[in-house]
Structures are given as structure tokens and as C-alpha cells.
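Please follow this walk through a single protein chain, which begins at one helix, moves on to the strands and the interior, and ends with the pockets and some details of the backbone. Keep the sequence and the three-dimensional view side by side while reading.

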Amino acid sequence: MDGVVLISGNGSNLQSIIDHSTAIDLDIKAVISNHSSAYGLKRAERANISTHTLDHKQFSSREEFDQALSNIINQYNPEIVILAGFMRILGAEFTHQYSGKMLNIHPSLLPKFQGLNTHQRVIEAKESQHGVSIHFVTEQLDGGPIIAQASVDIIDIIDTDTAESLAKRVLLEEHKLFPKVIHWFTQGRLKLEKNHAILDGKVL
Ligand code: GRF
């Protein structure tokens with residue numbers, strides 16, 4: 001299945017998706033970043049994947065940025081659009097255009113801790129569990145139907161866990177979970193119907 005991946009930074013999730021792409025029947029046609037310095041662009045180049053940078057600061061409105069972004073995406077006619085650490089809020093029109101075929105990974109156990117700095121906020125809230133969620137993208141930021149989650153225990157939080165150490169543990173789970181969920185999609189097992197994520201015909 002042809003896909004496009006959107007990133008903003010390091011691209012470790014992108015790397016995991018690239019590494020699993022044959023096994024999960026995904027042909028990554030392009031990687032798009034809103035930052036030219038994103039290390040993920042180098043990862044894509046190394047894998048001979050086309051890259052694009054679209055600097056959101058060059059646009060005077062979110063709508064114009066979204067339009068330019070969809071112009072690039074649509075050149076590749078992807079069946080799946082993967083947000084792998086893409087740190088821009090997307091407008092309603094954009095999300096509608098890719099409804100049912102756009103997935104996002106978010107580093108928290110949604111619906112808890114939507115938004116930014118999740119690891120630090122989890123520590124401050126003294127949570128005993130943290131993790132990652134993958135969801136269909138809708139116009140609600142971090143609010144679309146959840147497809148899958150993986151959790152990590154927070155141990156010795158006061159003495160040893162920092163936002164960085166927690167992020168590393170969550171990322172290990174992210175790297176396993178995202179290819180698995182993408183594979184469900186490329187196999188035609190995962191769908192969005194009436195704002196519910198459906199796997200093998202059952203509501204998740
Ligand atoms: C991940 O934690 C992802 O869940 C979040 O941003 C981070 C991106 O990491 N949205 P990477 O660029 O994939 O290494």
C-alpha cells in the first residue's frame with residue numbers, strides 16, 4: 001500500500017516504519033517535514049525515499065499551510081497518511097480530506113494528557129502508568145478514535161524517572177506498536193466507521 005509519512009524531528013518512529021515496511025506491505029512514497037533540520041529527513045534519504053520540507057513559518061495562515069501540504073501529499077496519491085511525530089495542528093478541512101486514512105501516534109494513554117510535554121506532565125501528576133496511543137485523526141486534536149495503546153509502568157518516579165527517561169521507554173513501545181497498527185490498515189483489517197475504529201469488523 002502506498003503511504004506518505006509526516007514528521008517534524010528525529011524520526012525514530014519513521015525509522016521503525018521504514019525498517020518494517022516490507023513486512024507490513026507499506027511503500028513509503030514520500031516523507032514530509034515542516035522543519036528542514038529534522039533528522040528524519042536524513043533517515044528517509046538513506047532509505048531512498050523522496051523528501052519534502054514545508055516550513056510552516058512561510059505561510060500566513062494555517063489554511064494556506066494545510067493546502068500546500070495536501071498539494072504535496074496528493075502528488076503521491078497515498079492510501080495511508082502517517083503522522084509520525086508531526087508537531088503541527090491540522091485544520092478541519094485537511095483532516096476531513098484524509099478521514100479514515102490518517103493515523104497519528106501520541107505519547108500518552110489518551111484521553112489522558114492530550115497536547116504537548118506529556119512525559120513531564122505525567123511525572124508531575126504522579127501517574128503510575130504512562131504509554132502511547134495510536135488513533136485515527138479527526139478534527140479534534142489528539143481526540144480521534146483510539147486504535148491501540150501500550151503502557152509502561154512508572155517506577156521510582158521521584159528518584160530516577162525524568163521526562164527523558166520516560167520518553168525513551170515510551171518510544172520503545174511506540175516503535176513496536178506503530179508498525180503493527182499500520183499493518184492492520186494495509187491488510188484492510190482496520191477502518192474508521194461512524195467515528196469508531198473497527199478492527200476485523202469489531203469496534204475497538
Ligand atoms: C514521539 O514520542 C511521538 O509519539 C510524538 O513525537 C515523538 C516523535 O519522535 N508525537 P520521533 O521523531 O519519531 O523520534
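A convenient starting point in this predicted model is D19, which lies in helix α1. With a relative accessibility of 57%, D19 counts as exposed, because the cut-off for that class is over 50%. Its C-alpha atom and that of E174 are separated by 14 Å, although the two residues are 155 apart along the chain. Helix α1 covers residues 12–20, and S16 is found in it as well. Here the environment is of another kind, for S16 has a relative accessible area of 7% and is therefore buried, the limit being under 20%. Once the neighbours within four places in sequence are set aside, the residues in contact with S16 are H175 and P179.

From this helix the reader can turn to the strands. Strand β1, residues 2–7, pairs with β2 in the parallel sense, and the pairing runs over six bridges. Within this pair, V5 stands opposite V31 in β2. Strand β2 spans residues 27–33, and because five of its seven residues are buried, the strand is largely enclosed by the rest of the structure.

V31 also leads into the interior, since V31 is listed, together with I82, I147, F178, V181 and I182, among the residues that touch the most other members of the largest nonpolar core, a set of 41 residues. Helix α6 gives the most to this core, with eight residues. A second, separate core holds 19 residues, and V4, L6, A30 and F65 are included in it. In soluble globular proteins, nonpolar side chains tend to be buried together. The surroundings of I182 can be followed in detail: apart from neighbours within four places in sequence, I182 is in contact with I17, I24, L26, I80, I82 and L103.

A further sheet can be found later in the chain. This open sheet consists of three strands in the order β8-β9-β10, with antiparallel pairing. Its edge strands are β8 and β10, the latter made of residues 202–203, and each of them pairs on one side only. The antiparallel pairing of β8 with β9 extends over four bridges, and L190 stands opposite L199 in β9. In the loop between β8 (190–193) and β9 (196–199) lies N195, whose phi is near 60°, a positive value in a residue other than glycine. N195 has a relative accessibility of 48% and so counts as partly exposed.

N195 can be read alongside another residue with a positive phi. N77 is not a glycine either, yet its phi is positive at about 45°. This residue lies in the loop between α3 (62–75) and β4 (80–83), and because its relative accessibility is 63%, N77 counts as exposed. The backbone also has a cis peptide bond, which joins L110 and P111 with an omega of about 10°. P111 is found in the loop between β5 (102–106) and α5 (118–124). As background to these details, most residues other than glycine have a negative phi, and most peptide bonds are trans.

What volume does the largest pocket have, and which residues lie nearest its centre? The volume is about 880 Å³, and G85, F86, M87, I105 and P107 are the residues nearest the centre, out of a lining of 36 residues. Helix α1, where the walk began, supplies at least two residues of this lining, as do β5, α5 and α6 (163–186). By class, the lining divides into 14 nonpolar, 17 polar and five charged residues.

The second largest pocket holds about 160 Å³ of space. Its lining is made up of R62, E63, D66, Q67, S70, G91, A92, E93, F94 and Q97. Helices α3 and α4 (92–97) each supply at least two of these residues, and the largest share, five residues, comes from α3. In this lining, two residues are nonpolar, four are polar and four are charged.

Conventions: Residues numbered from 1 in each chain as written. Predicted model: local features only at pLDDT ≥ 70, side-chain atom pairs only at ≥ 80, totals over all residues. Heavy atoms only, no water. Buried < 20%, exposed > 50% of the residue type's maximum accessible area, 1.4 Å probe, protein only. Contact = heavy atoms within 4.5 Å. Pairing = 2+ DSSP bridges. 1 Å grid on protein atoms, 1.4 Å probe; cavity = no way out; pocket = protein on both sides within 12 Å on 5 of 7 lines; lining within 4 Å. Points joined across faces, edges and corners; volume = space filled by probe spheres on them. Nonpolar A, V, L, I, M, F, W, Y, C, P; charged D, E, K, R; others polar. Core = buried A, V, L, I, M, F, W, Y, C linked by side-chain atoms within 4.5 Å.
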